[in-house]
Amino acid sequence: MTRIILDIPNATDLDLLLKLVNRLNIRVVESKKHTPSIVKPVRKQLLISDLKTEQQYKGMDKNRMDRLIEALDIQEPLELLLEQVKS
C-alpha cells in the first residue's frame, strides 16, 4: 500500500483533487496525525550554552587558525575579499 500525505490549504484545490481521486478510484483517508515520528518538538527555550554542550563544541583553536592564515599567504586587501564574498 502506498501512502501519500498532502497538505492542501485551498478548498478549490482540494475539490479538484478529490474529483481526480474519485475518478481514479483511490481510497482517501483523512487524518490529523501526519507528523513523522522522527520530528521532535521545538524547545520552549533555546540557549547557546545548551547547544554547545549537546554538540560538544570546543571553540576555535587560535594558534591553528593563525598558522592556517599564514600558510594561505593571502595577498589581496581585506576590502577586496569582502566584496568578492558579497557578490
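User: What makes the pattern of this chain α-α-α-α?

Analyst: Read along the sequence, the predicted chain gives α-α-α-α, with four helices and zero strands. Helices (H or I, at least four residues) and strands (E, at least two) are DSSP runs, numbered from the N terminus. This is a predicted model, in which local features need pLDDT of at least 70 and side-chain atom pairs count only at pLDDT 80 or more, while totals for chains, interfaces and linings use all residues. Residues are numbered from 1 along each chain as its sequence is written, and side-chain values use heavy atoms, with hydrogens and water left out.

User: Which elements have the lowest and the highest mean pLDDT?

Analyst: pLDDT is the predictor's confidence in each residue, from 0 to 100. Helix α1 (residues 11–24) has the lowest mean among the elements, 74, and α3 the highest, 92. For the chain, the mean pLDDT is 78, and 68% of the residues reach 70 or more. Where pLDDT is low, the predicted coordinates should not be read in detail.

User: Why is the pair Asp66 and Lys62 called a salt bridge?

Analyst: A salt bridge requires a side-chain nitrogen of Lys or Arg within 4 Å of a carboxyl oxygen of Asp or Glu. The side chains of Asp66 and Lys62 meet at 3.2 Å, N to O, so the pair satisfies that limit. The structure holds one salt bridge.

User: Where do Asp66 and Lys62 lie?

Analyst: Both lie in helix α3 (residues 62–72), four residues apart, about one turn of the helix. An α-helix has 3.6 residues a turn, so residues three or four places apart point the same way.

User: Why does Lys62 count as exposed, and why does Asp66 count as partly exposed?

Analyst: Buried means under 20% relative accessible area, exposed over 50%, and partly exposed in between (1.4 Å probe, protein chains only). Lys62 has 52% and therefore counts as exposed. Asp66 has 36% and therefore counts as partly exposed.

User: How do you know that α3 is hardly covered?

Analyst: The count of buried residues among the eleven residues of α3 is zero. Of the 87 residues of the chain, 1% count as buried.

User: What makes up the nonpolar patch on the surface?

Analyst: The patch consists of Met60, Met65, Leu68, Ile69, Leu72 and Ile74, with about 590 Å² of accessible area together. Patches are made of residues with over 30% relative accessible area and no salt bridge: like charges are joined within 9 Å, nonpolar side chains (Val, Leu, Ile, Met, Phe, Trp, Tyr) within 5 Å. Accessible areas come from the Shrake-Rupley method with a 1.4 Å probe; for residues, only the protein chains shown count as cover. One of the members, Ile69, is found in helix α3 and counts as partly exposed because its relative accessibility is 49%.

User: What is notable about phi in Gln56 and Asp73?

Analyst: Most residues other than glycine have a negative phi. Gln56 has a positive phi near 55 degrees, and Asp73 one of about 50 degrees. Gln56 is placed in the loop between α2 (48–54) and α3, whereas Asp73 is placed in the loop between α3 and α4 (78–86). Gln56 counts as exposed because its relative accessibility is 61%.

User: Which residues are in contact with Leu81, leaving aside its neighbours within four places in sequence?

Analyst: Contact means heavy atoms within 4.5 Å. On that basis, Leu81 is in contact with Ile74 and Glu76. Leu81 is placed in helix α4 and counts as partly exposed because its relative accessibility is 25%.
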